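Trainee: I'd like to take a close look at one part of this protein and understand how it sits among its surroundings. Could you walk me through it slowly?

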Amino acid sequence: MNSEKTKVLIIGAGPAGCVSAAYLHQKGNDVIVIEKSKFPRFVIGESLLPISMEHFTEVGLFDCLDKQGFEKKHGARFMRDGVVSLFDFSKKFTPGWDWTWQVPRADFDQTLTEELINKGIDVRFEQEVTDISFNGTHSVTSIRTKTGENYTIDAEFVIDSSGYGRVLPRLLNLDKPSALPEHSSIFTHIKDTKRPVGKEGTLITFDIVKSQVWLWVIPFSNGTTSIGFVGPTKFIESYEGTTEEKLRALLKLSDYYYDRLKDEAFLFEPILINNYSKSVKQLYGDGYVLTGNSSEFLDPVFSSGVAFATASGLLAAKLANKQLNGTAVNWQKEYTEPINKGVAVFTSYIKDWYNEDLQTLFFHRPENLEVKEKICAVLAGYVWDESNPFVKKHDRAISSLAHIINMEEAKKANP
Ligand code: FAD
């Protein structure tokens, strides 16, 4: 069997893998990226957060993306029972990027990988990592090509960015149950022939159609739109038929969007992902680190997936570079702790979303603009800014405020 050598082997060419590869190459390391699919390939995760723009810029991937004319996302709209809560990223507590994109990921990820190739990085498509063994920090990874040949790569360090493939969690038995309740999602793309002109047509929206159940509408600059429902697994399972029949029935729940969406052909058979939340026992080991979705996936409601992919991809690459240059890395302190801090903030927000405390804040009128700008910073992905009390006290800030609002409302109802 053929055998090759590299400094860093990266599994998967999604946003996490591309950011890691670009950084490590920038610092002069030999990198090989192994990608199972042929690009362009569909993947879900189309609404980005402004914090990712920092990561793309730092590793030299911003310009290639900016040239594509992806739809700009300046904020996000949430709606429930006719009340609208509009977050504008330019009005957020933490300084930083105030816009990002909403993107068809097939095009987005292809742009990223083309740029890696332009930079001279070795990206191998249609090759699958099938096994790995470690000898200290050195590893031997087995790879199968699309024609069925097998070869190995001896690497000084491995970054697993395999997303839903969860290569190392599977091979090293690192999976653990998620702390979040079981939710599922069903989604597709449409042509959006009734898209209104102007801002209404391009605004990304989360429409809460019933307790714990919401619809996303993500318009793209190419005229197509992503639509998808999220809800408790039992609720989604209660719909019968094909995924197309299920999604068509679910559309009826949205008073706001039904007319715009009801007659649209689905551009592909809707995809159903059951129990999408994932977690792992550890984020690193001797000679490897897990990044992006391969480590942890929470929930799509705040579009945090790609932001974590780029944040963890960049941090992992920086630490791998440091280690490969002979400086010891404390992976627990320098990687797990900061990543878990961000995960903990979003986990609190997601729990408070589904128990409706956060919705109480979003839809209470009149709005408290000081609170709103602090929550807006979290929604932009700035979850490591501890000067923001809604980050620092993420586990109680929202529930305490919701409690006060609920008491005031109860008093008004029964003076
Ligand atoms: P991916 O983008 O999944 O890339 C991993 C790559 O690894 C793939 O190309 C795959 O082919 C490759 N691979 C897998 N196995 C192997 C193997 N054995 N060998 C080689 N290569 C392999 N996130 C957002 O930010 N915004 C959203 O709006 C959003 N919506 C979502 C909606 C739903 C319903 C769900 C479930 C998730 C959503 N996410 C969203 C999350 C988002 O999909 C992921 O967080 C994001 O794609 C993770 O990026 P990644 O680079 O870690 O992995």
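How many bridges join β12 to β15, and do these strands run parallel or antiparallel?

Mentor: Happy to! Keep in mind that we are looking at a predicted model. β12 is joined to β15 by 8 bridges, and the two strands run antiparallel. In general, strands of a sheet pair through backbone hydrogen bonds, either parallel or antiparallel. β12 also has β16 as a partner: 3 bridges join them, again in an antiparallel arrangement.

Now step back to the sheet. It is an open sheet of 7 strands, and their order is β5-β4-β13-β14-β15-β12-β16. The pairing in this sheet is mixed. The edge strands are β5 (83-88) and β16 (271-273), each of which pairs on one side only. From one strand to the next, the twist averages 15°.

Back to β12 itself. All of its residues, 8 of the 8, are buried, so the strand is largely enclosed by the rest of the structure. H183, S185, F187 and H189 point one way, while S184, I186, T188 and I190 point the other way. Both sets are buried.

Let's pick one residue, F187, which lies in strand β12. Its relative accessibility is 2%, and buried means under 20%, so F187 counts as buried. Across the strand pairing, F187 stands opposite G228 in β15, and its bridge partner in β16 is I271. Leaving out residues up to four places away in sequence, F187 touches F42, I44, W216, I227, G228, L247, F268, P270, I271 and I273. The chain also brings F187 and F229 together in an interesting way: they are 42 residues apart in sequence, and their C-alpha atoms are 6.4 Å apart in space.

Next, move along the sheet to strand β13, where F206 is found. With a relative accessibility of 3%, F206 counts as buried, because that value is under the 20% cut-off. Its contacts, leaving aside neighbours within four places in sequence, are A76, R77, F78, M79, W214, L215, W216, V301 and S303. W216 is also touched by F187. For F206 and Y276, the C-alpha atoms are separated by 18 Å, and the two residues are 70 places apart along the chain.

F78, one of the residues that F206 contacts, leads us to the other end of the sheet. Apart from residues up to four places away in sequence, F78 touches V83, V84, S85, F87, F206, V301, F302, W353, F362, F363 and L379. Strand β4 (residues 75-80) is joined to β5 by 6 bridges, and these strands run antiparallel. One of the pairs is G75 with its bridge partner D88 in β5.

What lies over the strands? Helix α11 lies across β4, β12 (183-190), β13 (205-210), β14 (213-219) and β15 (225-232), so to speak, at about 120° to β14. Helix α13 (residues 369-379) lies across β4 and β5, running at about 70° to β5. In α13, 8 of the 11 residues are buried, so this helix is largely enclosed by the rest of the structure. The buried ones are V371, K372, K374, I375, C376, A377, V378 and L379. Their cover includes β4, β5, α11, α12 (357-363), α14 (389-392) and α15 (397-413).

Finally, the nonpolar interior. The largest nonpolar core has 110 residues, and L61, F78, W101, F302, W353, F362 and I375 have the most contacts inside it. Helix α11 (residues 331-354) gives the most to this core, with 10 residues. Apart from it lies another core, of 18 residues, among them L250, L251, L261 and F266.

To keep your picture of β12 in mind: the strand has all 8 of its residues buried, with β15 joined to it by 8 bridges and β16 by 3, while helix α11 lies across it.

Conventions:
Residues numbered from 1 in each chain as written. Predicted model: local features only at pLDDT ≥ 70, side-chain atom pairs only at ≥ 80, totals over all residues. Heavy atoms only, no water. Core = buried A, V, L, I, M, F, W, Y, C linked by side-chain atoms within 4.5 Å. Buried < 20%, exposed > 50% of the residue type's maximum accessible area, 1.4 Å probe, protein only. Helix = DSSP H or I, 4+ residues; strand = E, 2+ residues; numbered from the N terminus. Contact = heavy atoms within 4.5 Å. Pairing = 2+ DSSP bridges. Axes fitted to C-alpha atoms, helices over the stretch in contact; angles between N-to-C directions.
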